[in-house]
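Open the model in your viewer and keep the selection tool handy. We will walk through it one stop at a time.

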Amino acid sequence: MTPYRIGVIGLGQRIAHVLGAMAEVGWPLELAGQVDPAPVGAPILERFGIPMGRDFASPQALLAAGPYDLVMIGSPNHLHFEHIGAALDAGFPVFAEKPIVRTQAESLALASRLAQASRRKGGGPPLFIGLVMRSMSIVRDVIRRIDAGELGEVISIDATEHLPPEHGGYLARNWRRRQAWGGSYLLDKVCHDFDIFGRLAGARPRRVASFGGRRIFTVERAEIAPRIWNDGEAAYALRDAGWMGANDAFQSDMDVTDHQTAMVEYENQVRLSFHANSHVGLSERRWYVAGTEGTLIADLVRNRLMVRPALSRAKPERIDFGERTKDAHNGADQSMARDLLASLRDGAAFPVTPFDSLEAGLTVMAIDEAMASGEMLDCRPMWARYDAAVASAAPSRS
Ligand SMILES: NC(=O)c1ccc[n+]([C@@H]2O[C@H](COP(=O)([O-])OP(=O)(O)OC[C@H]3O[C@@H](n4cnc5c(N)ncnc54)[C@H](O)[C@@H]3O)[C@@H](O)[C@H]2O)c1
């Protein structure tokens with residue numbers, strides 16, 4: 001079988017893992033070329049036995065050496081807009097990592113561009129976004145049950161994402177620590193979750209409020225050579241911080257939050273509270289969905305689902321989806337790799353659209369705006385600008 005010819009812009013740890021998962025599930029692939037000033041993903045690719053392909057100095061040089069069956073974008077978030085635009089201009093199918101873009105202005109401009117392309121004959125090259133949770137079996141099951149009305153009407157949702165200290169420490173050293181590169185803690189880390197919450201609520205946020213800040217990774221809390229209490233191993237030592245990395249999680253120039261809470265009221269009155277912390281002893285990523293007829297708890301760390309009708313005293317239904325992996329993705333990368341192949345080869349629908357991805361990003365940006373202003377934010381003007389951008393050719397600026 002002729003291998004899929006792949007070009008990569010931003011060969012970091014993420015794209016290397018996605019390429020590895022693609023190879024694992026049987027993609028015939030050839031990494032033809034890549035652009036990256038210092039590819040963090042090189043050792044990961046080597047472990048998967050995937051040769052690096054040709055080095056290109058710029059996306060333009062890589063794209064000119066096409067054709068490619070897929071251009072994969074894994075650069076830091078502030079470069080997504082430029083890189084997605086260049087790859088779409090070249091006319092090749094694109095897979096870009098989440099968050100699709102970093103700002104509201106970029107979201108509107110891309111929405112307008114994609115909407116215009118979709119109105120043209122042929123529709124433009126496909127754009128797949130790596131909102132990988134959409135491909136997880138547990139998430140698919142949650143969506144299926146809610147769509148089937150198993151919980152009745154969704155009334156309210158409570159959700160968390162709590163990271164162990166080494167992961168939080170990595171975020172505080174990596175490029176994600178700066179708004180200019182990553183956007184924000186929530187945008188980079190939980191646009192996945194807000195994509196699913198919007199899907200479960202079946203509506204867009206009407207108003208949001210948020211409190212957050214930095215009280216963990218601060219100079220005042222810096223220690224010399226911190227250790228894990230029970231085994232003496234060096235703490236905060238999860239992998240090299242990579243591109244624009246800082247040495248010390250507590251003494252970097254971080255300007256994003258390290259913990260944050262948010263309240264969201266959707267247009268259809270579904271209400272949600274969210275709590276994220278990047279330095280906990282008990283890791284958790286959990287969605288508690290309460291409907292008129294039933295309740296479910298999705299434990300995304302343990303990959304387990306628990307469901308019970310509201311008017312039942314029987315034991316809850318418990319489903320263990322297994323597949324637990326150290327990367328906490330629990331087989332999602334492999335499922336996404338299968339979804340991607342099915343889309344490219346057979347034209348199957350990918351589980352998430354670029355417009356879903358833009359709306360998830362805008363939701364998180366609204367939450368961050370509400371946190372910065374200290375006021376509850378009415379999201380309607382933002383959605384009006386977004387809808388206008390989708391409807392018209394000319395992107396409006398926010
Ligand atoms: N879907 C997921 O679960 C998931 C998980 C992790 C990361 N991500 C996303 O993947 C993307 C990459 O994150 P990562 O963790 O791999 O980061 P990383 O730091 O490991 O990789 C980023 C790479 O981009 C390269 N780069 C920097 N400037 C560049 C430029 N001008 N042109 C080309 N390459 C450039 C860096 O050298 C580095 O190799 C981000 O958008 C991130 O949000 C998604």
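The tour below goes from the domains to the ligand and then on to two helix pairs. Please keep in mind that this is a predicted model.

**Stop 1: the two domains**

Begin by colouring the chain by domain. Select 4-132 together with 342-351 for domain 1, and 136-329 for domain 2; these bounds come from the domain assignment. The C-alpha centres of domain 1 and domain 2 are 25 Å apart. Now look at where they touch: domain 1 brings eleven residues into contact with 13 residues of domain 2. On the domain 1 side of that contact you will find six nonpolar, three polar and two charged residues.

**Stop 2: the ligand**

Next, select the ligand and show the 26 residues around it. Which of them come nearest? They are Gly10, Gly12, Arg14, Glu97 and Trp243, so label these five before you go on. If you colour the shell by residue class, twelve members are nonpolar, nine are polar and five are charged.

Keep the domain colours on for this view. Where does the ligand lie relative to the domains? Domain 1 and domain 2 both contribute residues to the shell, so the ligand lies between them.

**Stop 3: helices H5 and H11**

Now select residues 104-119, which form helix H5, and residues 354-373, which form helix H11. Their axes come within 10 Å and cross at roughly 160°. H5 is therefore roughly antiparallel to H11. The crossing of this pair is left-handed.

Show side chains to see who takes part. From H5, pick Gln104, Ser107, Leu110, Ala111 and Leu114. From H11, pick Pro354, Phe355, Leu358, Gly361, Leu362 and Met365. This contact between H5 and H11 holds eight nonpolar and three polar residues, with no charged ones.

**Stop 4: helices H9 and H11**

Leave H11 on screen and add residues 185-201, helix H9. What is the angle between H9 and H11? They pack at about 115°, and their axes are 8 Å apart. The crossing of H9 and H11 is right-handed.

Here are the residues to select for this contact:

- In H9: Leu186, Leu187, Val190, Cys191, Phe194, Asp195 and Gly198.
- In H11: Asp356, Ser357, Glu359, Ala360, Gly361, Thr363, Val364, Met365, Ile367 and Asp368.

Colour them by class and you will see nine nonpolar, four polar and four charged residues in the contact of H9 with H11.

Terms used
Residues numbered from 1 in each chain as written. Predicted model: local features only at pLDDT ≥ 70, side-chain atom pairs only at ≥ 80, totals over all residues. Near = placed C-beta within 6 Å. Nonpolar A, V, L, I, M, F, W, Y, C, P; charged D, E, K, R; others polar. Domains from an automatic or database assignment. Axes fitted to C-alpha atoms, helices over the stretch in contact; angles between N-to-C directions. Helix = DSSP H or I, 4+ residues; strand = E, 2+ residues; numbered from the N terminus. Parallel < 35°, antiparallel > 145°, perpendicular 65-115°, else oblique. Left-handed = near helix turned anticlockwise from the far one by under 90°. Contact = placed C-beta atoms within 7 Å.
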